[in-house]
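Trainee: I would like a close look at one part of this model, the open sheet and what lies around it. Please take me through it slowly.

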Amino acid sequence: MKKKTLYDLKNIKGKIALVRVDFNVPIENGKVTNNARIIAALPTIEYLLKNEAKIVLLSHLGRIKSEEDKKSKSLEMVANEFAKISSHPITFIAKTRGKEIEQAIKNMENGSILMIENTRFEDLKDGNIVNFESKNNPELGKYWASLGDFFVNDAFGTAHRAHASNVGIATYIKESVVGFLIEKEIKFLHDAVYNPKRPFIALLGGAKVSDKINVIDALAKKADKVIIGTAMCYTFHLAMGKKIGKSLAEPEKIDLAKELMAKYKDKLIIASDSVCALEYKDIKGKVYENIPDNLIGLDIGPKTIKTIKKELKGAKTVIWNGPFGVTEFKNYRAGSKAIADELINLKGAITIIGGGDSAAMAMEMGIEDKISHISTGGGASMEFLEGKELPGIAAINNK
Ligand code: AMP
């Protein structure tokens, strides 16, 4: 790890730690419905508390494009959830800058926590979209940096974006380090991609075809096999001249799919059969290799499952991103369930599940403790796997 970490900080007792966390959690009717990201940030917060720093937490929550958004996206709900699960008291200030925050920080005791309002409230000023946070406005980064003694970036989920609350603060503060979560994310993802135990298998599913088509190229260079399933595979099926019915695909990427298939002939495995239905609905489907015009492919079929199981036998590194079916529907979970079963029974393998939907799926299946690492950042982990530099990490001091 060439970036400074929490252990590189000296004499932090009584110092003000600005900590960027990723508390961008799902919220329904004013309640946090999945607190995994809060839990993931706790080791860093506990470490700073133990060492008697004063913690100022910053996070974004959703996107702010109107005054209406501000009403439903206050971090206060998240602060309440934090207090509940961590049993640490937390002071919430419903401001992103100003005297109230400055005074509250002055009054902080050692080993206490304060959270300011959603950093993306800075994207809207007097009803106009100004994107001070999202476009890394230097004045804002400078202001936030002036509030603390050092900066800890532990928001892996936003590390692929250069915002004022990560890159901005890191640029203008004297000392910056990565938190335990980012350190762990980098360690697992870096070792898996650059120093994998082999065989190294990558599994790519999900809906965002165009996002991942670039990752295929990067992963195919490094992995022994790249397996592509469910919605991801239909663009490839079009390239092969197969019928895909009304399944999700990106016809404008057919040439790219052809190129990838030619370039990585021995490495790419494309799902062959699909469980299909008439509608995007939780109903029992039927299996096809060529999908009739009126049907949609919603899960991988038994032949594909058999192939994947065979490929996973003896694997020593597996990266899995994106569900292999519309797993929100019970009827289309068989493919992902079969992969999960295979992964948790692999002996001596490093298994990594990445991306928001995949992480939620792993939790729902209750396999999170049997997987080596579940990545909290979808976009960030994808860009890391593509080999791109993540600005939120690049901005942190080197050792
Ligand atoms: P992603 O964010 O790209 O990992 O995509 C996750 C989403 O892909 C989930 O909401 C799944 O329901 C969806 N998905 C998986 N398979 C299919 C499919 N065959 N057709 C449409 N959506 C799918």
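Mentor: What follows starts with the sheet and then turns to a few residues and elements elsewhere in the chain. Keep in mind that this is a predicted model.

The open sheet has six strands in the order 5-6-4-1-9-10, and their pairing is parallel. Strand 5 (91-93) and strand 10 (175-178) stand at the edges; each has a single partner strand, so one side of each is left without a neighbour in the sheet. From one strand to the next, the twist averages 25°.

Look at one pair within that order. Strand 4 (residues 54-58) and strand 6 (residues 113-116) run parallel and are joined by three bridges. Here Ile-55 of the one strand stands opposite Ile-113 in strand 6. Helix 1 (residues 36-50) packs on the sheet, where it touches strand 1 (16-20), strand 4, strand 6 and strand 9 (150-153). The direction of helix 1 makes about 155° with that of strand 4.

After strand 9, the chain enters a loop that leads to helix 6 (164-172), and Phe-156 is found in this loop. Phe-156 counts as buried because its relative accessibility is 0%, and the cut-off for buried is under 20%. Leaving aside neighbours within four places in sequence, the residues in contact with Phe-156 include Ile-182, Glu-185, Leu-189, Ala-380 and Ser-381.

Two of the names in that list, Leu-189 and Ser-381, come up again where two helices meet. Helix 7 (residues 180-194) and helix 14 (residues 378-385) have axes that come within 10 Å and cross at roughly 30°. The crossing is right-handed. On the side of helix 7, the contact is made by Ile-186, Leu-189, His-190, Val-193 and Tyr-194; helix 14 contributes Ser-381, Phe-384 and Leu-385.

A second pairing of strands is worth setting beside the parallel one. Strand 14 (residues 274-277) and strand 16 run antiparallel, with four bridges between them. Cys-276 has Gly-297 of strand 16 as its bridge partner. Strand 16 (residues 296-300) is mostly covered, with five of its five residues buried.

Last, take a charged residue. Asp-69 lies in helix 2 (residues 67-72). Asp-69 is buried yet has no salt bridge. The nearest side chain of opposite charge belongs to Lys-73, 4.2 Å away, while a salt bridge needs the two atoms within 4 Å. Apart from neighbours within four places in sequence, Asp-69 is in contact with Arg-63 and Ile-64.

Conventions:
Residues are numbered from 1 along each chain as its sequence is written. This is a predicted model: local features need pLDDT of at least 70, side-chain atom pairs count only at pLDDT 80 or more; totals for chains, interfaces and linings use all residues. Side-chain values use heavy atoms; hydrogens and water are left out. Buried means under 20% relative accessible area, exposed over 50%, partly exposed in between (1.4 Å probe, protein chains only). Helices (H or I, at least four residues) and strands (E, at least two) are DSSP runs, numbered from the N terminus. Two strands pair if DSSP finds at least two bridges between them. Axes are lines fitted to C-alpha atoms, for helices over the stretch in contact, and angles run from 0 to 180 degrees between N-to-C directions. Contact means heavy atoms within 4.5 Å. Lys and Arg count as positive and Asp and Glu as negative; His and the chain ends are not counted. A crossing is left-handed if the near helix is turned anticlockwise from the far one by less than a right angle, and right-handed if clockwise.
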